[in-house]
Amino acid sequence: MVKDKILVIGASGQIGVELTLALRKIYGNANVIASDLREQNPLLEGTGPYVSLDVMNKEMLHVQVIRQNVTQIYLLAAILSATGEKNPNLAWNLNMQGLLNVLDIAREEKLHKVYWPSSIAVFGPTSPKINCPQQTIIEPITVYGISKYAGEFWCNYYHQRWGVDIRSLRYPGLISYKSAPGGGTTDYAIEIFYEALENKKYECFLKEDTYLPMMYMPDAIKATIELMEAPAQNISIHTSYNISGMSFSPKEIADSVQHHIPDFKISYKPDYRQNIANSWPQSIDDSIARKDWNWQQDYDLKAMTADMLANMK
Ligand code: NAD
Ligand code: AKB
């Protein structure tokens with residue numbers, strides 16, 4: 001069996017740090033190369049190789065892939081929903097060109113597998129709000145959502161036309177404490193923990209009854225690895241799989257935090273991100289992921305809150 005050598009692009013980000021560490025446990029530290037535009041995250045230091053790399057520089061990326069004998073790429077570099085609305089051109093360029101660079105190299109170098117995440121942001125105001133299905137009306141209103149939806153079809157195209165084994169999940173908002181989030185609409189569900197512990201109060205940028213699909217990072221890492229390890233014949237979705245963990249509103253997560261920190265107070269001051277959140281579904285139907293590769297989450301709101309606070313303290 002050929003030993004896999006993995007390149008993680010965007011390894012210093014919110015998902016990248018935890019995914020790199022998890023992959024290093026499975027494949028061995030030396031076989032998982034972390035890369036990013038930024039300095040490597042302190043949590044990665046001393047755990048394995050790191051290269052400074054810009055995914056927009058296709059030539060340098062190609063050289064790294066050949067030089068390091070890379071067989072799998074996890075592409076995590078992107079601009080998320082809230083930051084994307086501030087600079088739509090930059091978001092479109094990075095989110096699309098970065099993906100196309102990786103897909104081309106994967107085709108040319110016959111990489112074994114590629115992982116690229118999509119998002120619930122592909123859905124728009126005309127998609128069903130409750131238990132939003134895999135296939136439905138999809139009319140995203142953010143540049144981030146448009147780039148993710150286009151990206152899904154590029155993945156499908158490279159699979160159909162050139163047989164590239166590229167796998168993808170439509171992550172919900174991800175909640176974690178190890179590495180800071182990178183500018184999303186769901187980031188309030190992380191900020192609330194920091195503010196509750198430090199100041200016992202939090203001003204939320206979404207309204208109290210804004211329900212959104214969310215997931216705790218350990219579940220996201222588990223889902224990613226399970227999807228990548230599933231036999232190719234089990235994979236029926238070559239765009240991106242719906243995947244679900246939990247759904248809650250700012251009021252519900254505040255109640256959950258108050259259970260541990262009784263004098264915590266939340267107030268609400270919605271900003272431009274409310275419009276983005278309003279356009280997304282409140283919950284997701286992920287029955288195809290459950291059927292194809294036995295997806296099952298471990299954390300609900302109560303378990304996630306307890307684990308976040310225990311670790312952050
Ligand atoms: P992040 O912003 O925390 O991390 C992205 C990383 O990419 C950063 O470390 C950044 O320095 C790096 N990067 C940016 N431009 C680069 C470039 N040109 N070359 C190399 N690296 C570059 O993002 P994240 O939250 O870890 O998200 C990772 C992926 O998961 C993205 O595709 C995102 O759309 C997707 N996703 C995230 C969430 C979430 O809640 N975090 C939800 C859905 C989908
Ligand atoms: C964001 O809010 O932009 C991300 C996402 C759901 O893709 N967390």
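An open sheet of 3 strands, with parallel pairing in the order β6-β8-β12, appears in this predicted model (strands are DSSP runs of E, at least two residues long, and helices are runs of H or I, at least four, numbered from the N terminus; two strands pair if DSSP finds at least two bridges between them). The edges are formed by β6 (118-119) and β12 (241-242), each pairing on one side only. Strand β8 (residues 169-171) is joined to β12 by 2 bridges, and Leu 169 has Tyr 241 as its bridge partner there.

Next comes helix α8 (residues 250-260), where Pro 250, Ile 253, Ala 254, Ser 256 and Val 257 are buried (under 20% relative accessible area, with a 1.4 Å probe and protein chains only). These residues span an arc of only 160° around the axis, so they sit on the same side of α8 (the arc is taken from the directions from the helix axis to the C-beta atoms).

The largest nonpolar core has 37 residues, and those touching the most other members are Ile 175, Tyr 188, Phe 193, Phe 248, Ile 253 and Met 304 (such a core is a set of buried Ala, Val, Leu, Ile, Met, Phe, Trp, Tyr and Cys residues joined through side-chain atoms within 4.5 Å). Helix α6 gives the most to this core, with 6 residues.

Residues are numbered from 1 along each chain as its sequence is written, while chains are lettered from A and ligands numbered from 1 in the order written. Local features need pLDDT of at least 70, side-chain atom pairs count only at pLDDT 80 or more, totals for chains, interfaces and linings use all residues, and side-chain values use heavy atoms, leaving out hydrogens and water.

Notes:
Buried < 20%, exposed > 50% of the residue type's maximum accessible area, 1.4 Å probe, protein only.
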